[in-house]
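Here are my comments on the model, as requested. Please read them alongside the coordinates.

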Number of protein chains: 4
Amino acid sequence: MSTFKGKTAWVSSADRYMGPAIATELERLGVLVTRDTDRLYTDAHLQSKLSEIPDIVIANLAEPPKKGPVEHIEDSDWETLFDHLVHPLMRIVRHVSSAMKERGHGKIIAVTSAAPLRGIPFASAYCAARGAQNAFIKGVGLELAKFGVQVNGIGQNYIENDTYYPPDLMQDERFIQVLNTQVPTKKVGSSLETAKLAAYLADPDVRHVVGQIIPLAGGWTT
Amino acid sequence: MSTFKGKTAWVSSADRYMGPAIATELERLGVLVTRDTDRLYTDAHLQSKLSEIPDIVIANLAEPPKKGPVEHIEDSDWETLFDHLVHPLMRIVRHVSSAMKERGHGKIIAVTSAAPLRGIPFASAYCAARGAQNAFIKGVGLELAKFGVQVNGIGQNYIENDTYYPPDLMQDERFIQVLNTQVPTKKVGSSLETAKLAAYLADPDVRHVVGQIIPLAGGWTT
Amino acid sequence: MSTFKGKTAWVSSADRYMGPAIATELERLGVLVTRDTDRLYTDAHLQSKLSEIPDIVIANLAEPPKKGPVEHIEDSDWETLFDHLVHPLMRIVRHVSSAMKERGHGKIIAVTSAAPLRGIPFASAYCAARGAQNAFIKGVGLELAKFGVQVNGIGQNYIENDTYYPPDLMQDERFIQVLNTQVPTKKVGSSLETAKLAAYLADPDVRHVVGQIIPLAGGWTT
Amino acid sequence: MSTFKGKTAWVSSADRYMGPAIATELERLGVLVTRDTDRLYTDAHLQSKLSEIPDIVIANLAEPPKKGPVEHIEDSDWETLFDHLVHPLMRIVRHVSSAMKERGHGKIIAVTSAAPLRGIPFASAYCAARGAQNAFIKGVGLELAKFGVQVNGIGQNYIENDTYYPPDLMQDERFIQVLNTQVPTKKVGSSLETAKLAAYLADPDVRHVVGQIIPLAGGWTT
């Protein structure tokens with residue numbers, strides 16, 4: 001697809017969650033991809049490692065949910081989720097948006113979660129952090145739309161990735177039971193599906209999708 | 001993209017709404033496309049013209065909204081909307097689903113509207129008909145998911161097409177004012193954006209999106 | 001609650017679905033309630049039986065879903081659903097809206113379903129009809145808002161009523177299993193909950209809720 | 001309404017946002033209300049001031065949005081929003097849920113915002129914080145449902161309150177223009193509407209609404 005010719009992308013947590021699949025797919029399409037493997041994305045890190053603002057920013061952030069009843073949420077687990085999912089997303093977007101606005105084009109694609117769309121019991125801290133991400137993307141997406149910059153999120157669930165679905169979980173009887181009763185497709189989706197959706201959203205031809213969280217969840221949420 | 005090699009598609013109202021753009025894009029990807037230009041899609045028509053069930057069915061149905069206050073809805077306009085948008089969609093899906101289920105794969109992509117996601121004043125009849133479509137797609141999408149068949153809808157608004165946005169409307173001062181105040185991108189989107197989204201949903205690699213109405217509306221709805 | 005003093009209401013299908021519970025609750029609050037037990041609400045019926053437009057209109061329409069796979073939908077079942085759920089709702093709203101607009105106040109509350117919010121497999125015809133209702137209510141709700149008329153829907157599921165949950169179903173083992181796996185509250189809700197929500201929406205003090213489908217579904221949808 | 005007889009409630013930020021209106025309405029219904037006027041709700045504060053867990057907890061938290069483009073978000077403003085809106089909500093729910101679960105009943109009603117449902121440009125930090133709240137309420141609501149505890153949120157916008165709509169703003173020409181173009185009712189709603197919705201959700205008879213964010217926004221979102 002020649003539309004990506006000469007385009008540049010930066011992928012956060014490129015060794016984790018949907019980072020590898022998206023980076024590979026963008027490269028396949030001819031994008032020059034920078035893979036960043038930091039976790040927290042402080043301003044100092046961004047200024048040093050993301051000094052040249054690329055055409056496409058993949059804000060891929062992950063932190064496994066700390067499962068458990070709400071009365072047992074630990075402050076440190078709560079903070080870890082916000083430190084790894086929420087605050088870095090804001091800093092990344094804050095860092096790149098001026099240049100994209102001035103340039104009149106740019107793509108920010110956040111890989112978030114479908115969890116806030118429906119809610120997951122015993123994962124309320126995770127829901128909260130992902131909910132902050134999704135709502136932030138909506139606000140920013142509407143804000144940057146008129147400047148030619150498209151900001152969207154991929155709200156996935158039950159998509160294969162090492163961070164949330166390590167190989168042993170995939171064999172777990174209870175997990176297979178969850179798939180059978182909770183996921184209409186009865187399967188975990190392929191990481192390529194997220195990667196291709198990210199490529200759609202990153203496509204220079206696609207400018208009418210903004211501030212959208214697109215669910216990719218096997219029918220778990222509609 | 002070799003994933004479409006040897007695939008067949010059937011596009012309804014192929015001369016109208018998003019039919020031309022989607023048919024062209026699928027052909028570009030190597031799909032063998034049949035363009036059907038009927039309007040009502042009776043069982044007789046489907047049995048005769050869609051006797052061989054293709055891999056991909058594009059249920060593209062359109063009928064301009066009859067704008068006006070709810071107290072002035074004409075029975076005939078109301079019926080026309082249901083006759084052109086709602087009942088054909090059911091008949092098309094009913095006609096193709098058995099074969100797709102037996103085969104263990106298949107794609108149905110309905111081009112519907114974002115109107116029911118938010119509601120449009122003075123277009124309540126149109127909202128009703130599109131709302132029936134969207135909810136039908138959700139139900140069928142969840143139902144067919146476990147059979148390997150993916151059914152989804154594209155909920156678009158403010159995407160260029162001859163049926164809803166004829167050239168003279170696009171120049172209309174009042175319409176430009178609507179774009180400026182109601183649509184965050186301040187623009188009408190390109191038909192290629194819908195076509196590429198349809199191609200994403202039709203991609204054999206994409207099996208985890210089911211029963212979903214994906215908004216494509218310039219931020220008019222999120 | 002004195003806010004309802006002197007108010008009048010008309011309840012459709014008053015012997016069915018949520019009709020009895022809502023009529024009783026409104027009467028308890030001092031509303032003068034007319035109970036209509038027709039099914040189809042033709043224009044002739046409405047002109048004759050609803051000649052004086054009341055303050056509050058409860059558009060309570062019900063028809064049990066015809067369950068089954070999409071390929072087995074019968075035209076007659078499909079039409080029955082639209083004839084009993086969709087077209088009467090339009091005619092009722094069309095009939096009362098002018099008077100309410102002129103008067104500068106009025107309440108229309110449709111008892112619909114949560115089915116279209118998430119989709120129900122093997123009930124796609126029912127989803128379609130309820131989806132038409134919900135989207136119609138959104139459009140009309142936004143349209144009439146500025147005239148001081150509030151139109152909303154109650155999107156319920158798993159609420160006790162004779163039409164959908166007859167006593168024998170409530171004892172059925174499979175149904176109890178569905179409650180346990182699909183409904184977070186693990187229970188069927190009381191009809192009083194819908195009635196009290198209808199009373200909230202009918203309250204003259206409540207004018208900021210418009211075009212809204214409020215889910216009431218035990219957490220089945222959020 | 002005798003259903004509230006003998007019930008106790010605790011209202012946070014009782015001097016701010018929707019606190020006064022809700023506290024007054026619950027008292028009118030016969031509830032014994034404790035008004036807490038703290039801001040941060042640390043564990044120490046909760047252990048000391050909320051040692052007896054009431055039947056009803058109103059988690060009313062407010063902090064005016066820091067408006068501005070995303071590239072100008074200040075770390076301190078961002079943190080203030082999370083410190084006042086997000087973390088206290090978690091601590092309040094964490095503090096009261098065990099007792100409510102053991103008792104087999106309880107009500108938690110969070111007054112949040114409709115902002116995350118649609119997104120607000122130039123208020124992305126606020127969207128993020130309210131989005132965390134809404135998603136947290138969904139997760140907890142689904143989690144506590146089977147224990148007889150109902151947790152819900154009120155997603156309001158354009159409802160009168162001193163915190164967001166001080167008297168001078170209400171007279172502002174630009175604000176009135178926003179109401180006219182963005183809010184279908186063309187008005188700011190009364191605080192009593194939120195208070196009555198809170199009373200509905202707090203009603204012991206209402207047990208089928210869980211994990212829900214109910215929009216109350218003049219049609220700004222549907």
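The points below take up one residue of chain A and then the contact of chains B and C.

1. This is a predicted model: local features need pLDDT of at least 70, side-chain atom pairs count only at pLDDT 80 or more, and totals for chains, interfaces and linings use all residues. Residues are numbered from 1 along each chain as its sequence is written, while chains are lettered from A and ligands numbered from 1 in the order in which they are written.

2. Leu85(A) sits in helix H3 of chain A, residues 75-103. Helices here are DSSP runs of H or I, at least four residues, numbered from the N terminus. Leu85(A) is buried, with 21 other C-beta atoms within 10 Å (the cut-off is 20 or more, with C-beta atoms placed from the backbone).

3. Leaving aside residues up to four places away in sequence, Leu85(A) touches Leu61(A), Glu63(A), Ala129(A), Arg130(A) and Gln133(A). Contact means C-beta atoms, placed from the backbone, within 7 Å.

4. Chain C superposes on chain B by a rotation of 180 degrees, with 0.0 Å of shift along the axis and an RMSD of 0.0 Å. The two copies are thus related as by a two-fold rotation axis. In chain C, the C-alpha of Ala132(C) is nearest the axis, 2.1 Å from it. The fit is by least squares on C-alpha atoms of residues with pLDDT of at least 70 in both copies.

5. Chain C and chain B each bring 35 residues to their contact. H5(C) gives the most to the side of chain C that touches chain B, with 16 residues. Of the interface residues of chain C, 100% are also interface residues in chain B, so the copies meet through the same surface.

Methods
Helix = DSSP H or I, 4+ residues; strand = E, 2+ residues; numbered from the N terminus. Buried ≥ 20, exposed ≤ 12 C-beta atoms within 10 Å, placed from the backbone. Contact = placed C-beta atoms within 7 Å.
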